[in-house]
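Reader: I would like a close look at a single part of this model. Please take me through the helix packing and the sheet beside it.

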Amino acid sequence: MKQAILSGNEAFARGAYEAGVRVASAYPGTPSTEILENIATYPEIDSSWAPNEKVSLEVAIGASFAGARAMVAMKHVGLNVAADPLMTMSYIGVRGGLVVVVADDPEMHSSQNEQDSRHYARLAKAPMLEPSDSDEALAFTRLAFELSEQFDTPVMLRSNTRISHGKTIVNLGSRIDNLPEPVIERNPGKFVMLPANARKRHPVVEQRLLDLKAWGCTHEINRIEEGEGEVGVITAGISYQYAKEVLPKAHILKLGMVYPLPEELIREFAARCKTLYVIEELDPFIEDQIRAMGISVKGKDVFPICGEFSPGRVAAALGMAQPKGVEVSAEPLPNRPPNMCPGCSHRGVFYALKRLGAFVTGDIGCYTLGALPPLSAMDTCVCMGAGISNATGMAKALGEAERSKVVGVMGDSTFLHSGITSLMDMAYNNTPATVIILDNRITAMTGRQDNPASGHTLAGIEAIPVDLEAICRAIGVRHVQVVDPYELEKTRLLIKAEMERPETSVVITRRSCMLDRHGRGERSAPLFVNDDKCTGCKACLKIGCPAIEWQGGTGTDKGKARINQVLCVGCGVCKQVCKFDAFGVGHE
């Protein structure tokens, strides 16, 4: 048997390949992004980026209707966007197997909330599998497609940051090659969810859950690992790894299917344990269901409900000695907050917004870093698409003087994801507010993925880029302006003028991401600082460019700015900020 060391995301992709998947779709979102990027390396699978998660699931549903196996991947908040079709697909069922991979983000390493996606399985009445390492990520993906077709249901696969990005040894198999060819099959009684049809399907869904519970009691995906003593642990996913490390001698019931739960197996296991713990990250999802069965367990009364676990946190919750790590430095490391890259096209926009005293309703993307010092120029951030809708609501609520300060900001990919309808609402209701679309030609934050406005598909094939200006005008915006954000004063004056306009207006700031994978980011010779002209005023530090360093500054010495020649891309923003012409182009 062949083996490889794979991340969880690579293993999910490999599992899709081995399961015979024909169609895969996704919208990028950490920690799930690499799943589709790795699926794209298998030419047997038609893989593509979708404008948002709802569309990606609907694409996969269409493939399932045709009889093909299909898969989608998304982060936990993306499942909110895809929830509408997911709920109805649970009633409809499938033709070809349909699997939804959702990656949660405990500790919120790159997310705006810490929601627990297991609740969606219960809400949709669909089975959910949860692997504990990369090998299970592959195996459970294959099993998920078998379950999907056996029980006529979409199947959910839950990952998280540690599973998706951690690497373990994986057993590789070959691709299934005996699946039926997709063909059109008409079945309106099953596929058309009119109320009369839906009423017939609901009892089928309820029976399916009972059948899945029975299946879970006998399948090896849920297994009892015998230990010593009278302590038992019920756990799943990455928490299983922590439980094994901290309580190596405990009896363990490892759940591979976290919904529906195998109730008879749980009762059998609980009967042999004097003390029973449920170790699970985030919500007491398993714990609450076991308590509802009348079984006494220790869970969130012992373990934290917030943040991700680790062996140390589990041990501390149990009052045990914490595992000792390797000390890498006796000296405290300096704080290194996230920052926009050198030459980022968003920097000048937020610098201008701060100077204008704008109240910025922001959105999800690299540009959310505009909320951090020294720019500190974003005042709200809720979810994708909210930047424009929030600006509309504020403009409706505020008086004329305050209203002109509100500016909604979002990136090009976010605008296509869920901002178009928000802008349509603003224009349709003639709301006097200003919107800025930060067009850097890429979905930068999640790894520079392409989107409908970038001019390329996931496969790297050239595509007709969406015309953002045309979209804005088509949905009723009369005033649409485009500006290069490297031109600071022109950008500031344009934004100021539009903020003063008593109707809906859009400013598109267009400049390719410096890390654009198609090479459109323009680099110039690094700048240098003329010491004779630098007064040490630190105005240049207010733009927050990581290429600008500070030397000196002790005693009566104010210090001088320095340009890191390796980091500088020659964008010239610092040169425009300096009133003393201390920044020169080229070498000193």
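Author: Contact here means heavy atoms within 4.5 Å. The model is a predicted one.

Start with helix 9 and helix 11. Lys213, Gly216 and Cys217 in helix 9 meet Glu263, Glu264 and Leu265 in helix 11. By class, this contact has 3 charged residues, 2 nonpolar and 1 polar. Helix 9 covers residues 195–218, and helix 11 covers residues 263–271. Their axes come within 7 Å. They cross at roughly 40°. Angles under 35 degrees count as roughly parallel, and 65 to 115 as roughly perpendicular. Helix 9 and helix 11 are therefore oblique to each other.

Helix 9 also packs against helix 4. Here the axes come within 8 Å and cross at roughly 85°. Helix 4 and helix 9 are therefore roughly perpendicular to each other. Helix 4 brings Ser90, Tyr91 and Ile92 to the contact. Helix 9 brings Ala198, Arg201, His202, Val205 and Arg208. The residues of this contact divide into 4 nonpolar, 2 polar and 2 charged.

Now the sheet. It is open and has 7 strands, in the order 3-2-4-5-7-6-12. The pairing is mixed. Strand 3 (46–49) and strand 12 (257–259) are the edge strands, and each pairs on one side only.

Strand 2 and strand 4 sit side by side in that order. Strand 2 spans residues 23–26, and strand 4 spans residues 70–75. The two pair in the parallel sense over 4 bridges. Ala26 stands opposite Ala73 in strand 4.

Two helices on this sheet can be described by their direction relative to strand 4. Helix 3 (residues 53–65) packs on the sheet and touches strand 2, strand 4 and strand 5 (98–104). The direction of helix 3 makes about 165° with that of strand 4. Helix 4 (residues 76–92) packs on the sheet too, touching strand 4, strand 5 and strand 7 (155–160). The direction of helix 4 makes about 140° with that of strand 4. Helix 4 thus touches strands of the sheet and also meets helix 9.

One residue from another helix rounds this off. Thr392 is found in helix 15 (residues 386–397). Thr392 counts as buried, because its relative accessibility is 2%. Leaving aside neighbours within four places in sequence, Thr392 is in contact with Asp425, Met426 and Thr431.

Conventions
Residues numbered from 1 in each chain as written. Predicted model: local features only at pLDDT ≥ 70, side-chain atom pairs only at ≥ 80, totals over all residues. Heavy atoms only, no water. Axes fitted to C-alpha atoms, helices over the stretch in contact; angles between N-to-C directions. Parallel < 35°, antiparallel > 145°, perpendicular 65-115°, else oblique. Nonpolar A, V, L, I, M, F, W, Y, C, P; charged D, E, K, R; others polar. Pairing = 2+ DSSP bridges. Buried < 20%, exposed > 50% of the residue type's maximum accessible area, 1.4 Å probe, protein only.
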